[in-house]
Amino acid sequence: MKMSVAGQSKSKLKKVTLTQQEYQRMAKSKEPPRPVVRNCLRAFLVGGIICLIGEGLMKLFQTVFGFSEKTAGNPTVAVLILLSVILTCFGVYDKIAQWAGGGTSVPVTGFANSMCSAALEHRSEGLVLGVGGNMFKLTGSVIVFGTVAAFVIGIIHWILGLKG
């Protein structure tokens, strides 16, 4: 009879591996409860503040620079993107996002943040292979989803005969 390291025969050793379901149950029992209501309120608050800043910028472009309501949207988006890139470069946007959760990822500023973060992370690899090659990895799915969603909405508008 062969002896194992513990001095027991191989036939007497027990299987001590956990099944995946047992492991998931054990991991879930050790996981701290998530403050869902608090997280939702933070996301709503920060996302709302970002949108409020956007509305303030639109009104600024309309009153000070004489843009119409329709044409004020483009410079507003550009300024919001610029602000989020600047805040990302200084590490401020990531701290806000960590506190607010999903509230910072929904507006256009979250998209700009994800592109800028990837560019900053890979800048040591060079402009083409580092920044250019990795900047769209995270945001590629957003671009694809936006394109597909716009196509589906366009088809629905066409079928229903809606205009606008």
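User: How many helices and how many strands does the chain have?
Analyst: This is a predicted model, where local features need pLDDT of at least 70, side-chain atom pairs count only at pLDDT 80 or more, and totals for chains, interfaces and linings use all residues. Residues are numbered from 1 along each chain as its sequence is written, and side-chain values use heavy atoms, with hydrogens and water left out. Helices (H or I, at least four residues) and strands (E, at least two) are DSSP runs, numbered from the N terminus. Along the sequence the pattern reads α-α-α-α-α-α-α, so the count is seven helices and zero strands.

User: At what angle do helix 3 and helix 5 pack, and what is that arrangement called?
Analyst: Helix 3 covers residues 73-89 and helix 5 covers residues 108-121, with axes 8 Å apart and an angle of about 40°. Axes are lines fitted to C-alpha atoms, for helices over the stretch in contact, and angles run from 0 to 180 degrees between N-to-C directions. Under 35 degrees counts as roughly parallel, over 145 as roughly antiparallel, 65 to 115 as roughly perpendicular, and the rest as oblique. So, at about 40°, helix 3 and helix 5 are oblique.

User: Which classes of residue make up the contact of helix 3 with helix 5?
Analyst: Contact means heavy atoms within 4.5 Å. Residues including Val 77, Leu 80 and Ser 84 in helix 3 meet residues of helix 5, among them Thr 109, Ala 112 and Asn 113. Ala, Val, Leu, Ile, Met, Phe, Trp, Tyr, Cys and Pro count as nonpolar, Asp, Glu, Lys and Arg as charged, and the others, Gly among them, as polar. By class, that gives nine nonpolar, five polar and no charged residues.

User: Is Ser 84 buried or exposed?
Analyst: Ser 84 sits in helix 3 and, leaving aside neighbours within four places in sequence, is in contact with Tyr 93, Thr 109, Ala 112 and Asn 113. Buried means under 20% relative accessible area, exposed over 50%, and partly exposed in between (1.4 Å probe, protein chains only). Ser 84 has a relative accessible area of 2%, so Ser 84 is buried.

User: How are helix 2 and helix 3 arranged relative to each other?
Analyst: Helix 2 spans residues 36-63, and the axes of helix 2 and helix 3 come within 9 Å. Gly 54 and Leu 57 are among the helix 2 residues that meet helix 3. The two axes cross at roughly 135°, so helix 2 and helix 3 are oblique.

User: What share of the chain's residues count as buried?
Analyst: The chain has 164 residues. Going by relative accessible area, the buried share is 21%.
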